[in-house]
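Visitor: I am new to this structure and should be grateful for a close look at a single part of it. Please begin once the structure is on display.

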Amino acid sequence: MLNPDHQPIPRTSLEPVCGALAAVIRRRRERAGLSLNQLAARTRLSRPMIRFIETNERIPTIDTVARISRAFGVSCGQLIREAERTLD
């Protein structure tokens, strides 16, 4: 990710929202009664990738967030806003 000066944004500045997004994804998956395998099948992502995202070991791309949000029946924006609200 680049900032206005076209320099990479340090991972540390992304961690709060990414960690919050990871928690939101896991919470939504559990509330929906979905296993990692079931969410992986719905999103066409691998089970390990879902686990890495939920444990904040990987930062998902916008395409990945879109796939996950569609599996939950919400928009990417809704998922990200939900994550941001947990930071307030």
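Visitor: Which residues in H2 meet which residues in H3? Please take that contact as the starting point and describe what surrounds it.

Guide: The model shown here is predicted. Before turning to the contact itself, a brief word on the setting is in order. The protein chain contains five helices and zero strands, and from the N terminus on its elements run α-α-α-α-α. Of the 88 residues in the chain, 35% are buried. Among contacts between residues at least 6 apart in sequence, 51% join residues at least 24 apart.

The part in question involves helix H2, which covers residues 36-43, and helix H3, which covers residues 47-54. On the side of H2, the residues taking part are Leu-36, Asn-37, Leu-39, Ala-40 and Thr-43. They meet Arg-47, Ile-50, Arg-51 and Glu-54 on the side of H3. By class, the residues of this contact of H2 with H3 divide into four nonpolar, two polar and three charged. The two helices pack at an angle of about 110°, and their axes are 8 Å apart. Because angles of 65 to 115 degrees count as roughly perpendicular, H2 is described as roughly perpendicular to H3.

The loop between H2 and H3 holds Arg-44. The phi of Arg-44 is positive, near 60°, and this residue is not a glycine. As a general matter, most residues other than glycine have a negative phi. Arg-44 is also exposed, with a relative accessible area of 75%.

H2 has a second partner to consider. Helix H4 spans residues 62-72, and its axis comes within 9 Å of that of H2, the two crossing at roughly 110°. That angle makes H2 roughly perpendicular to H4. From H2, the contact draws on Leu-39, Arg-42 and Thr-43, while H4 supplies Arg-67, Ile-68, Ala-71 and Phe-72. The contact of H2 with H4 has four nonpolar, one polar and two charged residues.

Leu-39 deserves particular attention, and its place is in helix H2. Leu-39 takes part in the contact with H3, and Leu-39 also takes part in the contact with H4. Its relative accessible area is 0%, so Leu-39 counts as buried. Leaving aside neighbours within four places in sequence, Leu-39 is in contact with Arg-29, Leu-34, Ile-50, Glu-54, Ala-71 and Phe-72. Ile-50 and Glu-54 in that list belong to the H3 side of the first contact, whereas Ala-71 and Phe-72 belong to the H4 side of the second. Leu-39 and Ile-68 are 29 residues apart in sequence, yet their C-alpha atoms are 7.8 Å apart in space.

The account may now follow H4 itself. Its buried residues are Thr-64, Val-65, Ala-66, Ile-68, Ser-69, Ala-71 and Phe-72. Ile-68, Ala-71 and Phe-72 were named above in the contact with H2. In general, an α-helix has 3.6 residues a turn, so residues three or four places apart point the same way. Thr-64 lies in helix H4 and has a relative accessibility of 10%; since buried means under 20%, Thr-64 counts as buried. Not counting residues up to four places away in sequence, Thr-64 touches Leu-45 and Ile-53. After H4 comes Gly-73, whose phi is positive, near 75°.

There remains H3, in which Phe-52 has its place. Leaving aside neighbours within four places in sequence, Phe-52 is in contact with Glu-57 and Arg-58. Arg-58 lies over the face of Phe-52, at 4.4 Å from the ring centre. By contrast with this arrangement of a charge and a ring, a search of the whole structure finds zero aromatic pairs. Phe-52 and Ala-22 are 30 residues apart in sequence and 8.9 Å apart in space, C-alpha to C-alpha.

Finally, the loop between H3 and H4 contains Asn-56. Although Asn-56 is not a glycine, it has a positive phi of about 60°. With a relative accessibility of 23%, Asn-56 counts as partly exposed.

Technical notes:
Residues numbered from 1 in each chain as written. Predicted model: local features only at pLDDT ≥ 70, side-chain atom pairs only at ≥ 80, totals over all residues. Heavy atoms only, no water. Phe/Tyr/Trp six-rings, centres within 6.5 Å; stacked < 30°, edge-to-face > 60°. Lys NZ or Arg CZ within 6 Å of the ring centre and 35° of its normal. Axes fitted to C-alpha atoms, helices over the stretch in contact; angles between N-to-C directions. Helix = DSSP H or I, 4+ residues; strand = E, 2+ residues; numbered from the N terminus. Parallel < 35°, antiparallel > 145°, perpendicular 65-115°, else oblique. Contact = heavy atoms within 4.5 Å. Nonpolar A, V, L, I, M, F, W, Y, C, P; charged D, E, K, R; others polar. Buried < 20%, exposed > 50% of the residue type's maximum accessible area, 1.4 Å probe, protein only.
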